[in-house]
Each structure stands twice: as structure tokens, then as C-alpha cells.
Amino acid sequence: GLCQGVMFCLFILTFNPLLIFQVLGQESKTDNQQGTVNSCVSMLCEMVSVINIGAICIQPCSPSFHGETSFVCEDRKWQMLTDDCASLDVHSEGHVSVAGGHLSSVGERNPVHGKPGGGAKYFGADEHGNSNCQADFSCIIPDILSSPAIPGNIADIVELLKKISLLLSENVNRGKMQSYSRIANHILNSSIISNWAFVKDRNASSVLLDSVNLFAGKLLLRNGSESIQEHFISTKGYSIHKNTSGKSFDFSMGFNNTGSITGRVVIPEEELLKLPKTSKAISIAFPTLGAIIETNQLDPGLVNGMVLSVSLPEELRHILLTFEKMNKLENIKAQCVGWHSTERRWDNRACKMKSDNINSVVCVCKHHRRTFKSFSILMSPTMLRNAVLDYITRVGLGLSIFSLVLCLIIETVVWHHVTKTEITYMRHFCLVNIATSLLVADVLFILAAIVHNTALNYQLCVAATFFLHFFYLALFFWMFTLGLLILYGLLLIFFKIARSVFIATAFSIGYGCPLVISILTVAITEPKKGYLRSGVCWLNWYETKALLAFVVPALSIIVVNVVVVVVVVVKTGRSSVGEGCKSQDLSNMIRISKNVALLTPLLGLTWGFGLATIVDSHSLAFHVTFALLNAFQVNSLRLGIVCTQTLSLGKSQKGQRGAGSMCCAGSKLSF
């Protein structure tokens, strides 16, 4: 009976893992069985890790909280995925409630129960202006600040700040801004940054940034200036006009318990001359928001300074920003970026670096009220920025394209001389398509870089990525076709295949399979904006794993082609009938080495070195090796060499094939 129960569980887990774990999660809160059930869940995770990787377990919160906690089965252990347990609650109709009490919010005037021992509280005022809460909505601050900054409460406070920004952003006086800043400061504290990683909404930090920028932008200035300081958020504002000699905002704030950091926003005098009338400039500084954004982003950039936001008149487009570096190591390179509020990512197209030293960075950034209002600096210690790699890639691509063009020209010239038999026709047919696919992929690689660097539109980047994906897949599938052709020549010697059948099959494999995979990838991921990787025209990895649509077929083909090479080695190393072949050991070794040397790049095995860069992404040696073999395009250089030999091969083809077949069965594979 126990075995049958386990088998039933495994069957259920295979087809619906979520259902059973939701049930176990509910049972896990029963009286005296919590330890037993948790042990059972751990055992089930070990079992399900073999059958269904990534299964989800959902458990309810304790009685004093509402929501649920999600766990994912990874490495045979339950890892927390999201924590939605909260003591606060922000309802869609605008209510804010705390465990044990309830507050009516944002224009609502319905009497509700307060905390034990307290009367009803009203957040905002009715249409007659009657309210028993101050106009700065400070009445809810004690309840907010007394609540724990757990992931569920963080999400609710972000939602609350969003509602306030949308519904109460008129006539933002100093009192309102102070209350708003105190609420935001509660979830910006450096001590609770790690809690943001378990907030259910991955865009919560971006929503917070947009909400604060919107609300602070409506701040009314008293006597031409305003300054509101909290520990983890600071807001300053000044009146500006074209006769101002230049205006700057200076911030010095703590980002942890031991250190502080500075930042500066400068509006150049030449920009102020564009103002037609007196206006206001608002700037907000966040010393910890950069780290918070990192925890919410699956493809993060490592922020190395405070986040500085500005709210300026539309006429002002360019500003100077100075960021003190948090990490002041000499080998850390900085990058000036702006937060793209629509795409919700850091974008280096918004800024240019003016100066960079070990302590600080000066950036010139473009301000745009709809897209770029917040700026910072990034560092990439895990990204290898090496001049040698750049040089290898650029020179290698140039030589690759030149060799491929030369290869195709030579093939065109000698085509009739080297395709007189069926097997040679099929072989050169595959070589031409490999060269063509790699040539187009190289050109598209350059165009994709140009599209990204020149900040062209999103749709053009999608198109470049689609065709780049397609032609790189076509390269691998044509190498796969060539591998199958080699096996056909070795193992099916007496089986004849018609040329028309071969061409139809080769085109179906070489171009049909890549087309289907490419179309499915873009159709599935693009509607959710998960097709492109952040900051580059290539397939996404962190959010949607779209890159698997390239990695899985490519690595599978490499594995198959490794088997092909092993078969070739076995066949070419086996002596034919007669004692004469036994005396040819040295020539056999030379022939085997020659075949392996040619087939390794021909069948794409050099791409296998890409696995090493995945295993150890920090190793410069692995990156240089992979760049030398593939950015230098050993494949295309080898194709150029092979193609330059086709004239001589065409003239002596019969003699070579005959001599080879006299001794060893695999000698005809010597290209």
C-alpha cells in the first residue's frame, strides 16, 4: 500500500506538481503534525527533483498575516521563491488596513474599525473637506512604521505610495512630502534590502521609483526652495529661471551603518537660458535604491552609486551628474546609465561619461519626462572587459567574413570540377550552405551591435535578433546535416540516395528546423516582452530562458557530431584486409589526425569551448580560447583553406579516392 501511494504521488507530480504541494502546504499548518508534514515535503522535493524540476509548493501564512509563501524545488531542497505574507492590506478601492485595525484611504469616507482602543480614522477628506485626519495624511504613519518590513508589507506599501501619487499628488506641500518620504524611507532601509528579493512583483522597485518621482515632481516650493531629508531618501527643490547662473543639488547620505555617499546634480547655465519663464527643478536622491533594484531584476546591473532622479521643465534636456563610487577598486569600470521607466531597465544610451577616476564619475545625461528621469552608474566585475578580447573579436570577424566570401567565390568557380559524383556533390552542397549561414550570421552580428549602439527602435532589435538566431541555428543544423552525410558515407556504403531526395531532406533540416524554432521562440516570448536580453540585441536568458532555444539545439548537435568524429576515428584507424595495411601505422596516425583536425571545426566542435565560459564566466583564459576559436572564426578560416584546395582535389579526386580505398575504409574522408 505504501509503494502504491508513492507511485500515485509520483504520477500526480509528473502531471500536476502544483496541486499536491498546495494541499501539503495547507496541511502543514495543522496542530501537531507540522514537523512530520515538513519532513514529508522535503522527501517529496527529493523525489520530484528527478521527475519535475522547478515544482512549486505554496503554503499559507500564519494566522496574524494574510497571503501565502511560495517555494521552488531546487537541488532537492525547497527554496523560498516569493513571500506574500503581510499584516498591511491595500485594497483596490483605496483602503489601508493593519492587522487588528482598518483605515479608510484616498478619498473614502466610510467609517471603519480602528485598532483596539482607538476610534475610526479617515485617510483624506470627503467632498466637503471634513476629515479627522490632517491634510498631510500623517495619521497612518505610526501604523505603517510599526509594521515589519517583510516582503508582503513592502509590496503593500509600494502599492499605497502608488495610489497616493496617483490620487493625492495635487498641492503637495512640505507636510505631505515629509509624510510620503517617511513611508518610503521605511522600505528603503539598508537593513531590509534582502527582503526585496522575495517580493512577488518583480517590478515593485521600479513602481516605487516612478511613484516617488511623480509625487515629488508636484512639490510646492516655499520661498523658492525646499529640502526634505530622511535617512534613505532626500528631496530638494529650487526655483529656476534663465538668468540663474547655474543650479546644483548636493546630497550626502548614508547607505549602510558604516558609510555615506555623495551625489550632485548640476543644471548647466546654457540649459537654463532655454527657459521661457520661472520654473522649478526637483531632485531626489536614493542611496539604497540601486541595490534594491538589483534584487528585483533577474538580469541585474551592479549599481555603484546612489540613484539620482530629477524633475525638470521640458525645455531642459541635458544635466551633469556626479556620483561618488561605493566600490573604489581601480579595476572596476563605471558606466553612466539612465533608468528607462517604460522598459524598466538601465539604459546606457541615456548618458555619456565625461570623466572617471577612482573616487567618482561625472556623467552627462539626457532628461526626458516620460522615459529618463533617474540616473546612476553601474559596474560589471563579472563581465570581462578586456582589450585583447575586443581585438580578437573585431579582427576575427573581419578575417572570418573575408575567408567566407573567398570560399564561396572559389566554390562557384570550381563547382563543376568537384561535384562530378553524388557524394562529392552532397559534401560541397553542405559546405556551401555552412559558409553561407556563417557569413550571414557574421554580418547580422555586426548589424545587431550597430542597432544597439545607435539606439535604434525596439522592433529593429527584435528583427535583428530573430534573423541572427535563425542563421546561427542554420549553421549548426547544416553542420549536423554534414555529420549525417559522413555517417552515410561510412556506414551505408551500398545504399544510394537520390540527389533530389538529399536536397529536400537537407533543406528541411538545414533551414526548416531553424525556422520553426526561431518562429516559436519569438511567438512565445515576445508578447510578454521576454524575447530580448536587457542591453543587447540577443535572446533573453534570465526572465524567459529564450536563449535555450539556441543553446539546446546547438549543444545537442555538437554531441551528435562528437559521435560522428569518434566513428570516423574508429573507421580510419581500422586496417583493411591484408598485411600491407599493418605496415602503414604511421600513415594511419597521420590520416586520423588530419581527419580529426578537419572535422573538429567543420562539425562545430570548437563551439563546445563555450561550455567552459558558462561553467567559469570569470576565467579570462576560457574567454580568450573561445574567442580565438569562434570570434576568429576558425570554422570559416578552415572553410577558406578547404575551398582553396578544391581545384587540386577536383583534378586528382579519382586517384585519391582509389588509393584511399585500397588500404583503409575511412581514408576517403580526408577532405
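**Exercise 1. Where in α13 does a kink lie, and of about how many degrees?**

Solution. The model is predicted.
- Step 1: find helix α13, which covers residues 499-525.
- Step 2: follow α13 to G512, where a kink of about 35° lies.
- Step 3: read on from G512; the proline P514 follows shortly after the kink.

**Exercise 2. Check the end-to-end span of helix α13 against its number of residues**.

Solution.
- Step 1: α13 has 27 residues.
- Step 2: the expected span is 1.5 Å times one less than the number of residues, so α13 should span 39 Å.
- Step 3: the end C-alpha atoms of α13 are 38 Å apart, which agrees with the expected span.

**Exercise 3. Which residues of α13 are buried?**

Solution.
- Step 1: apply the cut-off, which is under 20% relative accessible area for a buried residue.
- Step 2: the residues that pass in α13 are F502, A506, I509, G510, Y511, P514, S518, T521, V522 and T525.
- Step 3: compare this list with the helix repeat. An α-helix has 3.6 residues a turn, so residues three or four places apart point the same way.
- Step 4: the proline P514, which follows the kink at G512, is one of the buried residues.

**Exercise 4. Place strand β8 among its pairing partners.**

Solution.
- Step 1: β8 takes in residues 234-240, and five of its seven residues are buried, so the strand is mostly covered.
- Step 2: on one pairing, β8 runs antiparallel to β7 (residues 225-229) over five bridges. Within this pair, S227 stands opposite K236.
- Step 3: four residues lie between β7 and β8, and the two strands form a hairpin.
- Step 4: β8 also pairs with β11 (residues 279-286), again in the antiparallel sense, over seven bridges. Here I240 has S279 of β11 as its bridge partner.

**Exercise 5. Which side chains make polar contacts with the side chain of E324?**

Solution.
- Step 1: locate E324 in strand β14, residues 318-324.
- Step 2: the side chain of T262 makes a polar contact with that of E324 at 2.9 Å.
- Step 3: the side chain of K328 makes another with E324, at 3.2 Å.
- Step 4: leaving out residues up to four places away in sequence, E324 touches S260, I261, T262, N304, G305, N359 and S360.

**Exercise 6. Describe the protein as a whole.**

Solution.
- Step 1: the secondary structure comprises 20 helices and 19 strands.
- Step 2: of the 671 residues, 47% are buried.
- Step 3: the exposed area is about 32000 Å², with 61% supplied by carbon and sulfur atoms.
- Step 4: among contacts between residues at least 6 apart in sequence, 67% join residues at least 24 apart.

Methods: Residues numbered from 1 in each chain as written. Predicted model: local features only at pLDDT ≥ 70, side-chain atom pairs only at ≥ 80, totals over all residues. Heavy atoms only, no water. Bend = angle between axes of the 7 residues up to and from the residue. Buried < 20%, exposed > 50% of the residue type's maximum accessible area, 1.4 Å probe, protein only. Pairing = 2+ DSSP bridges. Contact = heavy atoms within 4.5 Å. Areas by Shrake-Rupley, 256 points an atom, 1.4 Å probe, with all protein chains shown as cover. Polar contact = N/O pair within 3.5 Å; in protein donor to acceptor, adjacent residues only side chain to side chain.
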